[in-house]
Amino acid sequence: MNVLESLGLSAREGFSLDPTRSLGRVVIMHGASANVIWQESDGTEGSGLCSLAKGLAKTPVAGDWVAVQERRIVDVMVRRSELRRPHPYGRDPQVMAANIDVVMIVIAVNIDLNERLLERLAMMALDSGATPMVIVTKIDDAEDADGFCAQVKEHTPDVKVILTSSLTGEGIEAVRAQLPAGVTAVLLGASGVGKTSLLNSLEGTEELTRSTSRGGEGRHATTTRKLYRLASGGVLLDIPGIRLPEIVADQHSLDQVFEDIEELSLRCRFRNCRHDSDEGCAVRAALESGALAESRFESWQSVYAGATTASADAPRDRRRTRDVPRRVDE
Ligand SMILES: Nc1nc2c(ncn2[C@@H]2O[C@H](COP(=O)(O)OP(=O)(O)OP(=O)(O)O)[C@@H](O)[C@H]2O)c(=O)[nH]1
Ligand SMILES: [Mg+2]
Ligand SMILES: [Zn+2]
């Protein structure tokens, strides 16, 4: 396998480049620069941080094929697919990943199924032009995995569903089988469902998150979109968790209506705060002081009940006993 094949280049893509340029793929974006892996003219692998040339037709994202010249990205190739997040405030959609073949929608079995989130993620997957697939995680922690699976299938008919556990390794081989050379997949799902853990089990490494623990203590939430080359030959993009309000385009007016509560939520001590106990909760504090009217909070609750809350990354987890502290660098 040559360098470009290891990066997921398939026979379908034929880019012709000026010989002074190298073809490479964006691994991770850092604002005005990007980590790129490319193939040198002698066929060897090159990699490193590249700046973006002025006047690029589009801003590269993880997964983009790019032309590199003297550690500068001088061109971004035409994309065969784009995973886009509809912008909740009606602006242009944001491209999260490029040139993907498979969107793996990841949901955890030990959390109540958030049907709206699942439907939205499935829509994003279909919109991308890639093949959607559902990966159900944490089946070691399931009361009724089959019942959950049936529920999922109701919302995503004709979509392949794979049951997995990163703790026991169950189903990992089936996921690996979906990721041969030439295939690029992206992991799409709420925060904490086990996307990075899945990546780690596929690769047999735990370098990328701390060890798998049931309570989620000490875990590292993914904060960047990054491309990984897998031993199975395929390429996998790990991205941060998606929150329902972020992808509900028609939620525009609603989010604006509750802007004050959104603002307050950002100051809660726990990023998945449900605003139902006093511990470090900015919303509760505002209710106490009268800065926020009880009636407003009640209507906010009625709108977001059942779905993920405006400030929460994950839907209600019936079993979680400890909350995830907000990271200082957030
Ligand atoms: N019981 C059990 N716990 C798991 C499993 N997979 C992941 N976890 C736990 O779930 C928590 C979240 O896992 P991550 O892999 O960091 O989740 P993520 O989807 O990458 O989260 P973000 O990066 O925030 O989007 C961690 O505490 C893991 O140890 C599993 O198969 N079984
Ligand atoms: Mg992660
Ligand atoms: Zn709160």
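Donors are N, O and S atoms within 2.8 Å of the metal. In this predicted model, the donors of the zinc ion (ligand 3) follow the spacing C-x4-C-x1-H-x5-C along the chain. The four residues are Cys268, Cys273, His275 and Cys281. The cysteines bind through SG and the histidine through ND1. Distances to the zinc ion run from 2.1 to 2.4 Å. The angles among the four donor atoms span 104 to 116 degrees, and the site is tetrahedral.

Accessibility was computed for donors of this site. Cys273 has 7% relative accessibility and therefore counts as buried. Cys281, at 4%, is buried as well. His275 reaches 0% relative accessibility, so this residue too counts as buried. His275 sits in the loop between helix 8 (259-265) and helix 9 (282-289). Its backbone deserves a note: phi of His275 is near 55 degrees, a positive value in a residue other than glycine.

A second metal site holds the magnesium ion (ligand 2). Its protein donors are Thr196 and Thr222, each through OG1. They lie 2.0 to 2.1 Å from the ion. Thr196 belongs to helix 5 (residues 195-203), whereas Thr222 lies in the loop between helix 5 and strand 12 (226-229), so the pair ties together parts that are 26 residues apart in sequence. The two donors fall into separate accessibility classes. Thr196 is buried, at 9% relative accessibility. Thr222 is partly exposed, at 24%. The cut-off for buried is under 20% relative accessible area, which means that Thr222 falls outside that class.

Helix 5 was examined further. Eight of its nine residues are buried, so the helix is largely enclosed by the rest of the structure. The buried residues are Lys195, Thr196, Ser197, Leu198, Leu199, Asn200, Ser201 and Leu202. Their cover includes strand 8 (102-108), strand 9 (131-137), strand 11 (184-189), strand 12 and strand 13 (235-238). Helix 4 (172-176) is also part of the cover. Gly204 follows helix 5, and its phi is positive, near 65 degrees.

Two of the covering strands pair with each other. Strand 8 and strand 9 run parallel and are joined by seven bridges. Ala108 stands opposite Thr137 in strand 9. Strand 9 is itself mostly covered, with six of its seven residues buried.

Another sheet forms a closed barrel. Five strands make up this barrel, in the order 1-2-3-5-4, and the pairing is mixed. Neighbouring strands are turned by 50 degrees against each other on average, direction ignored. Strands of a sheet pair through backbone hydrogen bonds, either parallel or antiparallel. Strand 1 (residues 22-30) and strand 2 (residues 33-39) take the antiparallel sense, over six bridges. Within this pair, Gly24 stands opposite Trp38 in strand 2.

Loops between the barrel strands supply two further residues of interest. Val61 is found in the loop between strand 3 (45-52) and strand 4 (65-69). Its relative accessible area is 11%, so Val61 is buried. Leaving aside neighbours within four places in sequence, Val61 is in contact with Val26, Met29, Arg79, Val95, Ala97 and Ala98. Val26 is 35 residues away from Val61 in sequence, but their C-alpha atoms are 6.8 Å apart in space. Glu70 lies in the loop between strand 4 and strand 5 (72-76). At 73% relative accessibility, Glu70 counts as exposed. Phi of Glu70 is near 45 degrees, again a positive value in a residue other than glycine.

Totals for the whole chain complete the description. The protein chain has 10 helices and 13 strands. Of its 330 residues, 49% count as buried. Among contacts with a separation of 6 or more, 64% come from residues 24 or more positions apart. The accessible surface of the chain comes to about 15,500 Å². Carbon and sulfur atoms account for 47% of that surface.

Notes:
Residues numbered from 1 in each chain as written. Chains lettered and ligands numbered in written order. Predicted model: local features only at pLDDT ≥ 70, side-chain atom pairs only at ≥ 80, totals over all residues. Heavy atoms only, no water. Donors = N, O, S within 2.8 Å, 3.2 Å for Na, K, Ca; no water. Tetrahedral: all angles 85-135°; square planar, octahedral: opposite > 155°, others 65-115°. Buried < 20%, exposed > 50% of the residue type's maximum accessible area, 1.4 Å probe, protein only. Helix = DSSP H or I, 4+ residues; strand = E, 2+ residues; numbered from the N terminus. Pairing = 2+ DSSP bridges. Axes fitted to C-alpha atoms, helices over the stretch in contact; angles between N-to-C directions. Contact = heavy atoms within 4.5 Å. Areas by Shrake-Rupley, 256 points an atom, 1.4 Å probe, with all protein chains shown as cover.
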